[in-house]
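Reader: Please take me slowly through one part of this model, beginning with how its elements are set against one another, and then go on to individual residues elsewhere in the chain.

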Amino acid sequence: MTGLATRAAAGVAGWGSALPTQVVTNADLQRRLDTDDDWITTRTGIKERRIAVDGETTGPLAVRAARDALHAAGLEATDIDLVVVATCTAEVPMPSTAALVAAELGTTAGGFDLDAACAGFGYALATTASLLSTGIARRALLIGADTMSRVVDPDDRATAVLFGDGAAALVLTDPSIVNLPSAQVGERGDRSVGGRSGAATPLPGLISADLVIDGAGVDLLRIPAGGSRLPTSAATLAAGGQFIQMEGRELFRRAVREVVDSVERTLGRAGVSAADVSWFAPHQANARIVDAVVARTGIAADRTLGNGDRYGNTSAASIPLALAEAAAAGRLHDGDLILVSGFGAGLSVGTVLWRWGRS
Ligand code: UT7
C-alpha cells in the first residue's frame, strides 16, 4: 500500500495515556445497582472501568497524557505550537481545556477544544493533520480526554455501567521538520527537509476521512441542561438535567449502520479494501457494536484494537487509548494503515484512514 496518496502529512512523534487509579468492577456496581456482571458482560463486553476521583478529571488527565507523549517524543512543551483536546466533558465551561493544558504545560501554543462527543478523536485527528499539512501548525499535541462519570447519573443502571474516564495523547508533527532542531523550526520550510518528501517512502498521515452527522438521531443521546438553552438551576438539578439521557437500543441500531457506511466510504475514497487495513481502532461503546461492524465490513477481528472490557466507554479517549497502548506494545509499524472510527451524540460519526509513521 505504498502507492496511496497522503492527503495531510503528519508523523507520530510520541504517545501517552492517563487513567484514573480507581477501578470499578461490575461486581462493585452490582452491590449498589439493580444489575449484575452477567448482564453487563453479555450486553456490552465491559468488565471494569476507571472512575476519576477529584484531581483526576479531564484537565489533569489530559495534562498527564500530554506529558507522557512529550516525554516519549523527546520534546519540550515549548516545542509544541498547537494543542487540540477532543472532549465533551471539558474541565470547566470556560476557558477551554486546551487552554488549561497549555497553561499547565507552560507553552504559548494555540489551542482549542473540539466537541464531537464520542466521535471526537476522528474529527480532531483530521483537523490536526490538516493544520499540520498546511503549515499552520508544526508540532501538535492531540489529546482525547473525557470524564464521563461526571455526566452520568450514578443511580441510572442503563448508563452508569457503560462509561469510564481516561485520556490519551499523540504528538503529531509536520514530517518535513522532523530532523530540524526546535530552534530552526520557525517559518514553514521546504517539505523535502528530512529527506522524505518525494522519496519512495510515502509520508505518514491522513489518507482519507469521512465526517458525518446523522441528524435524525440528534435526540438519542443528550444532556438536556447546563447549556445556553437551559442553564443549570435548582429546577434542572432536581430534574437530573445535568445527566446523560440515552435511548440505547435505537442508538445501537443506528451506530452499527452509520459506522459500517462511514468505514466503507472512507476505504472507498482511498481505493483500498478491508483486507488492506493493518489495524482498526473503533470507538469502544459496546463490544457487540464492534463485532457487528467487523462482521459487516470484513475487517479482520484479530486486527481490531480495543479496551472497552477494561475501561468501558471513555468517549473521545477510547480510540487514542487503544492507539497508545498498541504503539507502546510495539504493534504499530511505519507504513501500517490504521482505520479509526468513532460515533456518538449527534449522531456524529468520524472515520479516518491513517498511514502510521514515526517522526
Ligand atoms: O458512545 C456513544 C454511543 N453509545 C452507544 O452507542 C450505546 C449504544 N447502545 C448500547 O450499547 C446498548 O443498547 C445498551 C448496552 C445501552 C443496552 O443494551 P440492549 O441490549 O440494547 O438493552 P436494552 O436497552 O434493550 O434493555 C434490555 C433490558 C431492559 O429491561 P426490559 O425492558 O427488557 O425488562 C432494561 O431495563 O435490560 C434492562 N437493563 C439492565 N438490566 C440489568 C438496562 N440496563 C441494565 C443493567 N443491568 N445495567
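Author: An axis is here a line fitted to C-alpha atoms, for helices over the stretch in contact, and an angle is taken between N-to-C directions, on a scale from 0 to 180 degrees. The model is a predicted one, and in it the part to look at closely is the pairing of helix 8, residues 248–270, with helix 9, residues 287–297, whose axes come within 9 Å and cross at roughly 40 degrees. Angles under 35 degrees count as roughly parallel and those from 65 to 115 as roughly perpendicular; helix 8 and helix 9 are therefore oblique to each other. Their crossing is right-handed.

On the side of helix 8, the residues that meet helix 9 are Phe 252, Ala 255, Val 256, Val 259, Val 260, Val 263 and Glu 264, and their partners in helix 9 are Arg 288, Ile 289, Ala 292, Val 293, Arg 296 and Thr 297. Sorted by character, the residues of this contact comprise nine that are nonpolar, one that is polar and three that are charged.

Within helix 9, Ile 289, Val 290, Ala 292, Val 293, Val 294 and Thr 297 are buried, and the buried residues of this helix pack not against helix 8 alone but also against strand 12 (279–282) and strand 13 (337–344). Both ends of helix 9 have a local feature: at its start, a side-chain oxygen of Asn 286 reaches to within 2.7 Å of the backbone nitrogen of Arg 288, while just after the helix Gly 298 takes a positive phi of about 85 degrees.

Further along the chain, nine of the 11 residues of helix 11, which spans 318–328, are buried, so this helix is largely enclosed by the rest of the structure. Among its buried residues are Ser 318, Pro 320, Leu 323 and Ala 327. Just after helix 11, Gly 330 has a positive phi, of about 75 degrees.

Before helix 8 in the chain, the loop between helix 7 (234–238) and strand 11 (245–246) holds Gln 242, a residue that is partly exposed, with a relative accessible area of 25%. Leaving out residues up to four places away in sequence, Gln 242 touches Val 151, Ile 223, Ala 225, Thr 236 and Leu 237. Its C-alpha atom is separated by 9.6 Å from that of Arg 222, which is 20 residues away along the chain.

Two neighbours in helix 5, residues 120–133, complete the tour together with a strand residue. Thr 128 belongs to this helix and counts as buried at 0% relative accessibility; beyond the residues within four places in sequence, Thr 128 is in contact with Leu 82, Val 84, Ala 140, Leu 142 and Leu 172. Ala 129, likewise in helix 5, is buried with a relative accessible area of 0%, and its contacts, counted in that way, are with Ala 8, Ala 9, Ala 10, Leu 206 and Trp 354. Between Ala 129 and Gly 11 lie 9.1 Å from C-alpha to C-alpha, although they are 118 residues apart in sequence.

The strand residue is Thr 173, found in strand 8, residues 165–173, which counts as buried at 4% relative accessibility. A polar contact of 2.6 Å joins its side chain to that of Ser 359, and the C-alpha atoms of Thr 173 and Asp 81, 92 residues apart in sequence, are 10 Å apart in space.

How values were computed. Residues are numbered from 1 along each chain as its sequence is written. This is a predicted model: local features need pLDDT of at least 70, side-chain atom pairs count only at pLDDT 80 or more; totals for chains, interfaces and linings use all residues. Side-chain values use heavy atoms; hydrogens and water are left out. Buried means under 20% relative accessible area, exposed over 50%, partly exposed in between (1.4 Å probe, protein chains only). Helices (H or I, at least four residues) and strands (E, at least two) are DSSP runs, numbered from the N terminus. Contact means heavy atoms within 4.5 Å. Angles under 35 degrees count as roughly parallel, over 145 as roughly antiparallel, 65 to 115 as roughly perpendicular and the rest as oblique. A crossing is left-handed if the near helix is turned anticlockwise from the far one by less than a right angle, and right-handed if clockwise. Ala, Val, Leu, Ile, Met, Phe, Trp, Tyr, Cys and Pro count as nonpolar, Asp, Glu, Lys and Arg as charged, and the others, Gly among them, as polar. A polar contact is a pair of N or O atoms within 3.5 Å; within protein, one must be able to donate a hydrogen and the other to accept it, and residues adjacent in sequence count only if both atoms are side-chain atoms.
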